[in-house]
Amino acid sequence: MPKSATIFSGIPAQLLIATIVVGVGMAAVSLLEYTAFDWHPAREEPAGFTPYHFGRMAVSALLAIILVAACAKPWLAEQLPARKKLWPAEMRNGIVVAAIAAAAVAILAWNPNLFHWFAREDNVLEWLSALFILIGALFFLYAAARSSRQGVSGPGKFFSTLLIPIGFAGLFFLIGMEEISWGQRLLGFETPESLAERNWQQEFNFHNIHTDLFELAYYLGTGAFLIILPLAAPPLRSWPAFDFFADFVPNRSVAMLTAPGVIFSYGHWNLVPLQFLTFATLFAMLIFAVSAKRDGRTGEYRLFGAVAALIAIGQLIVLLYGPQMLDVPDATEFRELFISIGLFAFAAYYAFDVAAPDTGKSKAKPD
């Protein structure tokens, strides 16, 4: 059997095909825009609303429908044993985060100066984002230390209970420290000249060597991991390799906490990967809502439905009032806050076993 068939054996064919179609579609549109219009595939600019932009919006929505439809069947089934009720704390967290997102959208429409104040460098949003992620790194270190004390038998357990959590801790630490330029403004040290010459903001970090590329990779990567992967988890349960990593798959409550971040896409609305992510997130929340309604979980149905409505209405308001922003990148600071909340929740739920997974594993405490 070919190696590729072995690697992908067990993945539902429709999900595999949908993923390929989405990847090829996004790459094709980006390549077309680069060759025909000289538009860089990673850029930040005011949202466009020409006939071409509306056409591309339709393509992005279609790609999102293709991928979400490939994941939806298990969620819409009458019975799915792995589909567990969210904890009350998860519900409360979702309500609070949705309220914060709604307030941020209202601030943009009501007072762009205040919106800009929150988004300024070295201000509350930047430090909160870094703090959430750095605490998440500590959670993973705690989980690894706990496993080490309990004893680890066999290479598989060593990898899954020690190396992977330590890897997540290192990744979270890197992201958090990059967010605050490794404490440069707090400690007051200068950027080395060799780095300052290449850094767009002359700061002591690496992501601003090419900010647009980093933001595209970060937003798309975290969106795929924190939002799309939870939706794809049930159909992926038939993939043998997936079971090994199932404890590290975010559940739908993490997706719900991260989802409001896609609203703040004004400066990246012209990028088909991030436009696709906005539509995919909206459709994912609707799938979760319908799933909850079929299972008789009325509270979850209303909450996921409210988050979906917030994404749709909030994105329209941000696109409408985006030109009033004092600085186009202001919205990215709000987006990064919700990403950091999602990463924090993912780390906390893993470290303290306080959230029901959607993958059929029994890691979480019973309801």
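**A helix pair and a small set of cavities**

In this predicted model, helices α6 and α7 run roughly antiparallel to each other, because the angle between them is about 160 degrees and anything over 145 counts as roughly antiparallel. To find the pair, look at residues 124-150 for α6 and residues 155-179 for α7. Two packed helices are described by the angle between their axes and the distance between the axes. For this pair, the axes lie 8 Å apart, and the crossing is left-handed. What sort of residues make up the contact of α6 with α7? Sorted by class, there are 17 nonpolar residues in the contact, along with six polar and two charged ones.

Now let's turn to the cavities. The count comes to two of 30 Å³ or more, and we'll go through the second largest, with its volume of about 60 Å³. Which elements give two or more residues to the lining of this second largest cavity? They are α10, spanning 211-236, and α15, spanning 330-352. Helix α10 gives the most, with four residues.

If you want to pick the lining out on screen, start with Tyr 219, Thr 222, Gly 223 and Ile 227. Then add Thr 258, Gly 261, Val 262 and Leu 277, and finish with Arg 335 and Ile 339. By class, the lining of the second largest cavity splits into five nonpolar residues, four polar ones and one charged. The charged one is Arg 335, while Gly 223 and Gly 261 sit in the lining too and go into the polar group, because Gly is counted there.

Technical notes
Residues numbered from 1 in each chain as written. Predicted model: local features only at pLDDT ≥ 70, side-chain atom pairs only at ≥ 80, totals over all residues. Heavy atoms only, no water. Axes fitted to C-alpha atoms, helices over the stretch in contact; angles between N-to-C directions. Parallel < 35°, antiparallel > 145°, perpendicular 65-115°, else oblique. Left-handed = near helix turned anticlockwise from the far one by under 90°. 1 Å grid on protein atoms, 1.4 Å probe; cavity = no way out; pocket = protein on both sides within 12 Å on 5 of 7 lines; lining within 4 Å. Points joined across faces, edges and corners; volume = space filled by probe spheres on them.
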